[in-house]
Amino acid sequence: MKKTLSAIAISLWFSAGLTAQDTITISLTDAINRSVSNSVDAVVARNQYKSSYWGYRTYKAELLPEVTLNSTLPYYSKSYNQFQNTDGTYTYVSNDYSRIDGGLSISQNIPLTGGILSVESSFERLQQYGEGGSTRYMGIPASVTLEQPIFGFNRVKWLQRIEPVKYKEAQQKLIGDMEEVSNTAIQYYFNLLLGQINMEIAEQNLKNSEKLYTIAEAKRKIGQISENDLLQLKVSLLKAESYLTDAQASLNARMFQLRSFLNYGEYLILKPIIPESLADKLPVLSYAQVIALARENNSFTRNVQKRMLEANRDVSQAKADRWNAKLFVSFGMSGQEDTFSRAFNSNNWRNNQIVNVGIKIPILDWGKGKGKVKIAEAERDVENSRIEKEQMDFNQNVFLRVQNFNSQSKQLELAKETDKIAQQRYNTSIEAFVLGKIDVLNLNDSQSSKDEARRNYIEQMYQLWSYYYQIRSLTLYDFISDREISVDYESAIN
């Protein structure tokens with residue numbers, strides 16, 4: 001009996017220093033809602049989406065005009081520079097001057113051609129010091145410049161194809177990640193609930209074992225049971241004490257796991273309750289319905305599209321890199337005078353034109369350019385094969401989830417009925433043992449069956465919730481409310 005008192009003392013000590021405020025009753029819905037808002041996994045998912053959001057914003061900014069201010073305030077130089085005389089001899093001349101310049105430019109990417117069109121206005125003030133020093137101004141009121149690759153890789157065009165798909169993938173992935181967070185909360189919640197059930201079973205079995213052993217001692221004194229049966233009951237009592245200690249330790253570990261995941265205080269005691277029946281609310285799902293929703297809503301579909309586009313982009317870039325030709329055209333007006341106002345006076349403007357076409361064509365590269373194209377094409381084929389295999393696995397995964405989900409309601413119903421019958425059998429076995437109608441082995445068998453049936457009922461309930469949220473994660477669809485699942489994207493980026 002010393003071990004019995006020791007086990008009870010452990011349980012009492014665990015809650016002795018805790019006030020009523022340190023214990024809360026938590027439902028499965030509470031755990032799911034808190035996991036989505038407070039868990040570290042949810043924070044990670046939102047930060048991943050935030051990164052994708054700003055990546056998409058950066059892409060959108062590339063399609064808008066970019067305004068740039070360039071300025072040097074000021075530049076000063078006093079040095080001696082080498083100078084060649086008319087007779088071929090060299091000398092050094094002093095160069096003492098300062099320069100101030102500034103410019104404002106507006107540039108715009110051209111997605112259709114991959115070029116860049118820019119408009120710029122600038123000025124420069126040059127002041128020379130020393131004997132004969134002077135001040136000059138040069139102004140360029142406006143110049144228009146076009147930089148255009150010829151037969152080159154159009155980066156912006158590919159960005160327009162890929163970036164919207166990537167952003168849609170990120171949005172769908174955020175919803176799917178939140179459903180995965182909910183599923184993890186369900187797993188931890190039922191772990192704690194099972195630990196609490198095990199604790200209750202251990203406490204009840206210990207009480208029953210003590211009661212039955214006391215009765216058995218009295219019956220042994222009057223010769224109604226054998227010494228072997230009495231010893232067997234003693235062993236059962238010792239096991240019950242051991243199970244209680246183990247159950248308490250397991251409960252503490254499971255509580256810490258859920259408490260940490262939900263970001264609760266270290267010393268808070270969570271009391272889970274058995275969730276309401278989910279089976280009555282759930283429809284029977286068809287594979288065709290679920291796979292259609294999964295293909296439409298799951299981020300896997302967007303991921304496949306993105307990877308195929310990226311593989312085709314790499315092939316296009318490898319082909320374009322074999323030819324390197326660029327057109328540079330600039331046209332504008334400029335003025336050079338000794339005052340700022342005269343430099344920008346239209347009467348003093350002169351043409352300022354630049355046309356430059358550069359071409360770099362490999363004559364003999366020993367197949368290097370062709371090899372890069374073949375490598376990119378081979379990698380595209382490998383990626384397509386990999387995607388085809390992943391699509392088959394995805395479809396199979398959806399099929400198995402639907403199959404398991406549809407059969408789980410029946411499994412839960414059978415487990416519930418088995419739990420009820422096993423409890424009735426155990427109660428009847430105790431009465432029969434007291435009356436001497438069954439032996440210890442049958443009594444222990446009924447207890448083991450009762451305990452196993454109770455645990456199996458909780459396990460089957462967990463499986464139903466888990467399968468349902470797995471399908472929600474695949475389809476991003478709430479089949480109970482018959483609507484698509486959504487999240488607040490604005491709060492995710494703030």
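Is Asp 478 buried or exposed? At 9% relative accessibility, Asp 478 counts as buried, where buried means under 20% relative accessible area, exposed means over 50%, and partly exposed lies in between (1.4 Å probe, protein chains only). The model is predicted, so local features need pLDDT of at least 70 and side-chain atom pairs count only at pLDDT 80 or more, while totals for chains, interfaces and linings use all residues. Residues are numbered from 1 along each chain as its sequence is written, and side-chain values use heavy atoms, with hydrogens and water left out.

Asp 478 is a good place to start on the charged pairs. Side chains of opposite charge can pair when their charged atoms come close. A salt bridge is defined here as a side-chain nitrogen of Lys or Arg within 4 Å of a carboxyl oxygen of Asp or Glu, and the whole structure holds 18 of them. Asp 478 meets Arg 472 in one such bridge, at 3.5 Å from N to O. Arg 472 also forms a salt bridge with Glu 179, with the closest N and O atoms 2.7 Å apart. Because Glu 179 lies in helix H4 and Arg 472 in helix H10, this pair ties together parts that are 293 residues apart in sequence. Helices (H or I, at least four residues) and strands (E, at least two) are DSSP runs, numbered from the N terminus. Glu 179 and Arg 472 are both buried, the latter with a relative accessible area of 11%.

A further salt bridge links Arg 307 to Glu 383, whose closest N and O atoms are 2.6 Å apart. Arg 307 belongs to helix H7 (residues 299-320) and Glu 383 to helix H9 (residues 368-434), so parts 76 residues apart in sequence are tied together. Both of these residues are buried.

Glu 179 and Arg 472 appear again at the largest pocket, which has a volume of about 540 Å³. Among its 27 lining residues, the closest to the centre are Ile 32, Asn 33, Glu 179, Tyr 469 and Arg 472. On a 1 Å grid over the protein atoms alone, a pocket is an open set of points where a 1.4 Å probe fits, with protein on both sides within 12 Å along at least five of seven lines, and lining residues have an atom within 4 Å of a point. Helices H2 (28-38), H4 (155-221), H10 (440-475) and H11 (489-493) each supply at least two residues of the lining, and H4 gives the most, with five.

The backbone near the end of H10 is also worth a look. Most residues other than glycine have a negative phi, and most peptide bonds are trans. Leu 476, however, has a positive phi near 55°. Leu 476 sits in the loop between H10 and strand S9 (477-478), and is buried at a relative accessible area of 3%. Asp 482 likewise has a positive phi, of about 60°, and lies in the loop between S9 and strand S10 (483-484). Asp 482 is exposed, with a relative accessible area of 55%.

Elsewhere, Leu 69 in strand S2 counts as exposed at 66% relative accessibility. Leu 69 helps to make a nonpolar surface patch of about 620 Å², together with Val 67, Leu 104, Ile 106, Leu 117, Val 119 and Val 144. Such patches are made of residues with over 30% relative accessible area and no salt bridge, with nonpolar side chains (Val, Leu, Ile, Met, Phe, Trp, Tyr) joined within 5 Å and like charges within 9 Å.

How values were computed
Areas by Shrake-Rupley, 256 points an atom, 1.4 Å probe, with all protein chains shown as cover. Points joined across faces, edges and corners; volume = space filled by probe spheres on them.
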